[in-house]
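I have a fresh page open and a list of things to look up. I will start with the helices and work outwards from there.

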Amino acid sequence: MEHEELQERLEAYALGALEAEEAEAVAIHLLACPACQSELRSYRRVADSLPSALAAGSPLRVHPSLKRKVLAGLHAPTPTHRLFRATLWPAAAALAVLMFAGSTIWGLHVQQQLARVELLRSEQLTKLQTMLDRDDQLRVLELLDSSARIKRLLKPVDPASPTFQHSYGKLWTRADGDDVVVMVNLLPQPPPGQHYELLVTSEGRTIDAGALKVDQDGFAMLLFKANKKGPSYTRATVTLGVTPILDWQQGSS
Amino acid sequence: MDDEELVERVADGDVGAFSELYDRHAQRVFTWSAHLLGPARAEDAIQEIFLRLWQHAGQFDRGRGTFVSWFTAVVRHHLIHELRREAVRRRLDAAYEIADVLATAPSGELQPDDAATRQETSAAVARAMRLLPEGQRHVIVLAYFAGMSQSQIAEQLALPLGTVKKRVRLGMRKLRAALEPEAMSPIDPAGDPSGRAGASE
């Protein structure tokens, strides 16, 4: 999608009014477009002012007693607040940015995206860079932004599984390149001694593409190179041990 | 002390700073919540939202933006989530009620604790919202306050999707124009660029 076309969607993006696919395209474009980041900030400033504009004209007033209830509901401060910010923030922020990009790609609801996009500031691009090395970061972004990309949805093999029914994944290839990206989400930590693996099948041959290391949020990503440009996979499966968990097969979606 | 300093103190467990932030922002959050959910549920929402602020203040980073922007996103996420429990009809009614308020909102009666710049910005947006054509005001309210996508708005209003997109674009551009320096200070609708543009779509 062209810059001008995406730029025309920034107004709706700032309002959280785009469909998931559109929001995904805008979010990816924003990562690499300072001009659109600046434009979005101006529209976000408008959106942020709407609640105050409403408060200005509304006759409704908050009752003074409510403050006592709010204060009474507070728990003792936890020292982890400051600890988190000082020590874990860089990693968490990088993860948040990546999860943001991922979450738009997952097709989460627009409002969730809006909340997450608040995390997306130009300063955070540097944090993203700390999570992936620059070459890998560019490979991922180029693939996700490519007009030749092909996306496959990996669904739970057992939709009724209480453990995996909410898990899902996506696999991207591109017709004009050999990079392959897989992201999975909402996977529980594997039992000790086990791990998740990605298997892909092409031309009747199944290979183990690599392990998926799930973080504390149930998110994992794997970037690898196919054996040729425009790989024509017919199946992709995430396994736990020998048990298939998530699966996509040609013709299924 | 600005909001950003206060929220950093909240992250350290400073109840006084939290109390000050509450005083500054509770009215805005309550009005927003009450119009969407009704006054009774708004009280619950306020408690949950400010508790969330207390618990997650450490996640705010001024390097990424203002407190208002961060907190507004937190509030909106919570309210839209709550609103989705309502029937579509109720969501539409709430949005139209908000649109009516914004159509007649005085631009100079913002909460006194708002910082001067923010108050000026909000007053400019309130003024520009009042001057928008009804159709543009409605789509912006349905999107922002009711959490509807452009496609959902088109379906609910029985309008072509292209019309909704155009109204969103034009409306937001007029609101943004109202925040440009030359449009900020005078409270003079006749001289407001958004006012001139408000006569047509």
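Before anything else, a word on what I call a helix: it is a DSSP run of H or I of at least four residues, and helices are numbered from the N terminus. I also note that this is a predicted model.

**Entry 1: B:Arg9**

With that in hand, I placed B:Arg9 in helix H1 of chain B, which covers residues 3–11. Is B:Arg9 buried, partly exposed or exposed? I found a relative accessibility of 41%, so B:Arg9 counts as partly exposed. I then listed what B:Arg9 touches, leaving out residues up to four places away in sequence: B:Met1, B:Asp14 and B:Ala17. I also checked a pair that is distant along the chain: B:Arg9 and B:Ala57 are 48 residues apart, and their C-alpha atoms are separated by 8.7 Å.

**Entry 2: B:Phe18**

B:Ala57 turned up again when I moved to B:Phe18, which sits in helix H2 (residues 15–37) of chain B. B:Phe18 and B:Ala57 are 39 residues apart in sequence, with 9.6 Å from C-alpha to C-alpha. The relative accessible area of B:Phe18 is 0%, so I wrote it down as buried. What is B:Phe18 in contact with, beyond its neighbours within four places in sequence? From chain A I noted A:Val70, A:Leu71 and A:Leu74. From chain B I noted B:Val10, B:Phe50, B:Leu53 and B:Trp54.

**Entry 3: H3 against H4 in chain B**

Next I looked at how helices pack. Two packed helices are described by the angle between their axes and the distance between the axes. For helix H3 (residues 39–56) and helix H4 (residues 67–83) of chain B, I have an angle of about 135° and axes 11 Å apart. Because of that angle, H3(B) is oblique to H4(B). The crossing of H3(B) past H4(B) is right-handed.

I copied out the residues that make the contact. H3(B) supplies B:Arg41, B:Ala45, B:Glu48, B:Ile49, B:Phe50, B:Arg52, B:Leu53 and B:His56. H4(B) supplies B:Phe67, B:Trp70, B:Phe71, B:Val74, B:Val75, B:His77, B:His78, B:Leu79 and B:Glu82. Sorted by class, this contact has 10 nonpolar, 3 polar and 4 charged residues. Two of these names, B:Phe50 and B:Leu53, I had already met as contacts of B:Phe18.

While on H3 of chain B, I stopped at B:Asp44, which lies in this helix. With a relative accessible area of 43%, B:Asp44 is partly exposed. B:Asp44 and B:Phe30 are 14 residues apart in sequence and 10.0 Å apart from C-alpha to C-alpha.

**Entry 4: H7 against H9 in chain B**

At what angle do the axes of H7 and H9 of chain B cross? For helix H7 (residues 134–144) and helix H9 (residues 161–178), I have roughly 95°, and the axes come within 8 Å. H7(B) is therefore roughly perpendicular to H9(B). On the H7(B) side the contact is made by B:Gly135, B:Gln136, B:Val139 and B:Ile140. On the H9(B) side I listed B:Val164, B:Arg167, B:Val168, B:Leu170, B:Gly171, B:Met172, B:Lys174 and B:Leu175. By class, I wrote down 7 nonpolar, 3 polar and 2 charged residues.

**Entry 5: loops of chain A**

I turned to backbone angles in chain A. Most residues other than glycine have a negative phi. A:Leu186 has a positive phi, near 60°. A:Leu186 is in the loop between strand E3 (179–185) and strand E4 (196–202) of chain A, and at 41% relative accessible area it is partly exposed. A:Glu203 also has a positive phi, of about 50°, although it is not a glycine. I found A:Glu203 in the loop between E4 and strand E5 (205–212) of chain A. A:Glu203 is exposed, with a relative accessible area of 63%.

**Entry 6: whole chains**

Last, the totals. Chain A has 9 helices and 8 strands, while chain B has 11 helices and 0 strands. Of the 253 residues of chain A, 52% count as buried; of the 201 residues of chain B, 55% do. I noted an accessible surface of about 11500 Å² for chain A, with 56% of it belonging to carbon and sulfur atoms. Chain B exposes about 7700 Å², and carbon and sulfur atoms supply 50% of that.

Note on methods: Residues numbered from 1 in each chain as written. Chains lettered and ligands numbered in written order. Predicted model: local features only at pLDDT ≥ 70, side-chain atom pairs only at ≥ 80, totals over all residues. Heavy atoms only, no water. Axes fitted to C-alpha atoms, helices over the stretch in contact; angles between N-to-C directions. Helix = DSSP H or I, 4+ residues; strand = E, 2+ residues; numbered from the N terminus. Parallel < 35°, antiparallel > 145°, perpendicular 65-115°, else oblique. Left-handed = near helix turned anticlockwise from the far one by under 90°. Contact = heavy atoms within 4.5 Å. Nonpolar A, V, L, I, M, F, W, Y, C, P; charged D, E, K, R; others polar. Buried < 20%, exposed > 50% of the residue type's maximum accessible area, 1.4 Å probe, protein only. Areas by Shrake-Rupley, 256 points an atom, 1.4 Å probe, with all protein chains shown as cover.
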